[in-house]
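Good morning, everyone, and thank you for making room for me today. Please have the sequence and the structure open in front of you, since I will walk through them slowly.

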Amino acid sequence: MNAAVIEVPPALRHLVDSRLDAIERALLQGDTPRAERRSILEDIETQIVEMLSAEAPDHEPTRADLLRVFTRLDPPEAFAGEPLESVRPMRTTRAPAPAAANAPPATQSGYATTGILACVGGLTMLLLGLPLCAFTMLFSQSQNLLVIAIGLVAVTGIPSLVLGILYAVAIHNSHGRPGGQLRGLTCAAIGIAALPISIVGLLGGYLVAVSESDFLIIGSFVMLCVLAVVGVIHLTYRSLELLVGAPRRPA
Amino acid sequence: MTAWVTQLRKGLVELCILAVLKKGEAYGYQIVDGLRAHRGLELTESTVYPVLSRLAKEGLLQVRTEASPSGPPRRYYRMTPASEKHYQQMTSQWKEIRNSLNSLIQGDGR
């Protein structure tokens, strides 16, 4: 390969140039940057000349020699193929898609901290804050306890609402992300829904307290119990899913 | 089956190129020729050169241009400290995958 390299005869130069032009067009189709195109073309030209030298070691290369070399090369359109992804594990070679760039990093099971926090916040409010508010309004006259209960709802409800929205957006943006799609839309839903549910519950509790109707009291209590049961079951399900892994889906 | 082999080779291009360059600097055609000498690794110029170019752009390869008396200048590629480290990581990952796959194929994997 390191044998004396001949010069391409002027009569064949246009054939080499045409070949290189065709390859450059293919590289352009593949969105290869200009600097990379240039270096690729230089490498190919070196190869053509070396192969031609080997093809005609003892005479001036002819058109037939050059065409034989061309047949042993990849066709120009082969350079238009999809760019190769880096196989390196620790760094990406391209910037992520703009939408995916905002997605928080997923945990091993495809959940992100944002989603888990939204879920925990929402459930804390539904299972602790809301019943405490209801209990205070219905059965206790303590203003301090009511302030604490409403404070608890606000402190857990507003952040979980924000986190839930952020996580839902992150799930949406993680579609097709190389690191894997985020899961746990239910976590986002719990985070988002907890505050509105609590506000409705508190309004209902207030109305019950004002009307002093036994039917409304029992009805509200049952509704709260149902919400709590659904929440606990779902939390258990999600916790188990996180602990023992999600059921495998066929690829 | 051919498509699968092609994809498999493509996934290993970077590792193959670095393995050739681990022995010393080389220009594009030398790398292609060096790979051709290994059965199953017959990667062609349309696969190798774009990767060489990308690695150089990313600073993982150093390029030295040497004028040729008659032909075009040769672009010699050489590994950098970053690519040395990268190569070590890739080879250790490759060994891990190879061992696991061997174990799976031989039937003693779970």
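I will begin with the place where the two chains meet, then turn to the sheet of chain B, and end with salt bridges. Please keep in mind throughout that this is a predicted model.

Let us start with the interface. On the side of chain B, 35 residues are in contact with 31 residues of chain A. As general background, the size of an interface is often given as the accessible area lost when the parts come together. Between chain B and chain A the buried area is about 3000 Å², and carbon and sulfur atoms give 55% of it. If you look for the residues of chain B that lose the most area to chain A, you arrive at B:Y29, B:E45 and B:Y49, which together make up 19% of what that side buries.

Charged and polar groups also meet across this interface. Four salt bridges are counted between chain B and chain A, and there are 10 residue pairs in polar contact, with both residues at pLDDT 80 or more. Which elements of chain B supply this side? At least two residues each come from α1 (2-11), α2 (13-21), α3 (28-36), α4 (45-57), β3 (74-79) and α5 (81-105) of chain B, and the largest share, 11 residues, comes from α4(B). Sorted by character, the residues of chain B that touch chain A divide into 13 nonpolar, 12 polar and 10 charged.

Now to the sheet. Chain B has an open sheet of three strands in the order β1-β3-β2, with antiparallel pairing. Because β1 (26-27) and β2 (61-66) of chain B stand at the edges and each has a single partner strand, one side of each is left without a neighbour in the sheet. The antiparallel pairing of β2(B) with β3(B) runs over six bridges, and if you want one position to follow by eye, B:Q62 has B:R78 in β3(B) as its bridge partner. A helix, α2(B), lies across β1, β2 and β3 of chain B, running at about 95 degrees to β3(B).

Finally, the salt bridges. Over all chains, a search of the whole structure finds 18 of them. One links the two chains, where the side chains of B:R75 and A:D43 meet at 3.8 Å, N to O. Another lies within chain A, where A:R13 and A:D17 have their closest N and O atoms 3.0 Å apart. Both of these residues belong to helix α1 (residues 10-29) of chain A, and they sit four residues apart, about one turn of the helix.

Methods: Residues numbered from 1 in each chain as written. Chains lettered and ligands numbered in written order. Predicted model: local features only at pLDDT ≥ 70, side-chain atom pairs only at ≥ 80, totals over all residues. Heavy atoms only, no water. Contact = heavy atoms within 4.5 Å. Buried area = accessible area lost by both parts, 1.4 Å probe. Polar contact = N/O pair within 3.5 Å; in protein donor to acceptor, adjacent residues only side chain to side chain. Nonpolar A, V, L, I, M, F, W, Y, C, P; charged D, E, K, R; others polar. Pairing = 2+ DSSP bridges. Axes fitted to C-alpha atoms, helices over the stretch in contact; angles between N-to-C directions.
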